[in-house]
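Biologist: I would like a close look at a single part of this protein, with its surroundings described afterwards. Please keep the answer connected.

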Amino acid sequence: MEVGTLFFHPFWFICSLALLGMLWARRRRHTWRPEACPVDLSGKTAIVTGASSGIGKAVALDLARRNARTILACRSREKGQAAAEEIRRATGNPQVHLRLLDVSSMASVRDFAGQFLEEEKQLHILVNNAGVTGLPFAITAEGLELTFATNVSGAFLLTNLLLGTMIASAPARIVNVSSFRHYCARRVNVKFLTGEEQPKNCSQAYDSTKLMNVIFTTELARRLQGTGVSANVLSPGIVKTEIMRHFSWGARLLFKLCSIFLRNAREGAVSTLYCAVAKEVDGISGCLQDGLGICFLVHQQEPLPSNFFGLEMMPLSQLQYDL
Ligand SMILES: NC(=O)c1ccc[n+]([C@@H]2O[C@H](COP(=O)([O-])OP(=O)(O)OC[C@H]3O[C@@H](n4cnc5c(N)ncnc54)[C@H](OP(=O)(O)O)[C@@H]3O)[C@@H](O)[C@H]2O)c1
């Protein structure tokens with residue numbers, strides 16, 4: 001039989017349909033469902049970074065629905081206000097507030113944290129969700145590489161600045177949003193953080209930032225043992241959001257065409273919510289949640305570079321906490 005004929009054989013057609021059906025069904029499968037989780041967050045305060053769209057907005061909506069005082073940490077006033085209003089309207093929770101934060105700017109992170117610490121007494125949930133991919137190599141005014149500043153350094157500094165309040169508010173949870181792409185990054189190169197060395201392309205940059213999220217979380221969890229503050233990291237799966245906005249139109253079109261097989265933002269928020277609120281996660285720290293609703297321990301494959309958490313070469317050296 002010719003190869004061409006073989007691929008149009010009814011057997012392959014049926015197999016392809018079955019495979020597509022399985023993929024479609026699998027995108028939704030979670031062993032944990034937020035709507036079946038009765039946890040109420042009255043009296044608790046939560047911050048979600050990058051809550052103006054996509055997964056972050058869906059996470060903030062769920063936390064607000066559980067009556068948390070919910071701080072939307074967004075860089076765009078316009079988009080942030082629209083999201084806050086939408087969430088207040090949908091949940092009836094008046095305790096949903098926008099605070100401006102550009103995680104790629106350490107000055108903005110310090111301003112945000114300073115204002116938060118002035119206004120709030122407690123912090124129970126910190127979701128480091130803001131992230132970008134597809135940006136060209138660029139150095140910020142503070143001397144940091146833009147993708148790394150957004151996905152790694154901002155979350156690192158913000159967490160450190162808020163850690164004292166979280167420990168005082170314990171039990172509290174830190175939730176870092178990584179990606180399955182962290183598996184593609186073979187190693188961490190700290191010189192990427194300042195652009196001293198340049199990743200081969202934006203994919204390598206993104207993968208490295210997401211591996212750094214995992215390593216940061218496992219080390220943070222180790223150092224927070226006994227404080228009542230947990231730190232977990234997750235992959236949300238592949239989710240239909242604005243994440244591809246910086247890619248070429250061709251890549252965006254392909255993503256759009258595949259979107260029927262992808263999770264929507266609400267489904268993509270499940271892993272984050274599992275780490276943030278599920279009773280099953282009480283007392284669990286240093287874990288990777290891979291989007292299937294099951295916690296896996298992260299196995300450290302390589303020793304940490306000795307200067308990773310010192311970050312001596314960065315303006316982050318004046319951290320409030322010596323992590
Ligand atoms: N979608 C996926 O398939 C997927 C897969 C794996 C992991 N993730 C991760 O999930 C997280 C959320 O992404 P998403 O899919 O929801 O994408 P998204 O719709 O593009 O949302 C990203 C959010 O991050 C915000 N953000 C970006 N740069 C920021 C900055 N410098 N300061 C403050 N906020 C900033 C964006 O704000 P603006 O609206 O102002 O730009 C937006 O609210 C990211 O960490 C991403 O890496 C997503």
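Which residue stands opposite Ile174 in β5?

Modeller: Leu126 stands opposite Ile174. This is a predicted model, and the description that follows should be read as such. The strands concerned are β4 and β5, which run parallel and are joined by four bridges. β4 covers residues 125-128 and β5 covers residues 172-177.

Ile174 belongs to a strand that is mostly covered, since six of the six residues of β5 are buried. The burial holds for both faces of β5. Ala172, Ile174 and Asn176 lie on one side, Arg173, Val175 and Val177 lie on the other, and all of these are buried.

Part of the surroundings can be described through helix α10, residues 270-277. Both β4 and β5 are among the elements that cover the buried residues of α10. The cover also includes α3, β6 (229-234), α9 (265-268) and β7 (287-289). Eight of the eight residues of α10 are buried, so this helix is largely enclosed by the rest of the structure. They are Val270, Ser271, Thr272, Leu273, Tyr274, Cys275, Ala276 and Val277.

Helix α3, residues 54-65, has a further role in the description, as it gives the most to the shell around the ligand, with three residues. In total 29 residues surround the ligand, and the closest are Gly50, Gly54, Gly131, Ser179 and Thr241. Sorted by class, the shell holds eleven nonpolar, 14 polar and four charged residues.

Another strand with a similar account is β2, residues 69-74, where six of six residues are buried. Arg69, Ile71 and Ala73 point one way from β2, while Thr70, Leu72 and Cys74 point the other way, and all are buried. β2 pairs with strand β1 (residues 45-49) in the parallel sense, over five bridges. One of the residue pairs here is Thr45 with its bridge partner Arg69 in β2.

Leu72 also leads to the largest nonpolar core, which has 78 residues; Val48 and Leu72 touch the most other members. The largest share of this core, ten residues, comes from helix α6, residues 146-169. Leaving out residues up to four places away in sequence, Leu72 touches Val48, Ala51, Ala60, Gly80, Ala83, Ala84, Val96, His97 and Leu98.

Between β4 and α6 there is a loop, and Glu142 is placed in it. Glu142 counts as partly exposed because it has 16 C-beta neighbours inside 10 Å. The C-alpha atom of Glu142 is separated by 8.6 Å from that of Ala107, although these two residues are 35 residues apart along the chain.

For the protein chain as a whole, there are ten helices and eight strands. Buried residues make up 45% of its 323 residues. Of the contacts with a separation of 6 or more, 76% are accounted for by residues 24 or more positions apart.

Confidence should be considered last. The mean pLDDT of the protein chain is 85, and 80% of its residues reach 70 or more. Over residues 298-323 the pLDDT is below 50, and this stretch has 41 contacts in the model beyond near neighbours in sequence. Where pLDDT is low, the predicted coordinates should not be read in detail.

Definitions and conventions
Residues numbered from 1 in each chain as written. Predicted model: local features only at pLDDT ≥ 70, side-chain atom pairs only at ≥ 80, totals over all residues. Near = placed C-beta within 6 Å. Helix = DSSP H or I, 4+ residues; strand = E, 2+ residues; numbered from the N terminus. Nonpolar A, V, L, I, M, F, W, Y, C, P; charged D, E, K, R; others polar. Buried ≥ 20, exposed ≤ 12 C-beta atoms within 10 Å, placed from the backbone. Contact = placed C-beta atoms within 7 Å. pLDDT = per-residue confidence, 0-100. Core = buried A, V, L, I, M, F, W, Y, C linked by C-beta atoms within 7 Å. Pairing = 2+ DSSP bridges.
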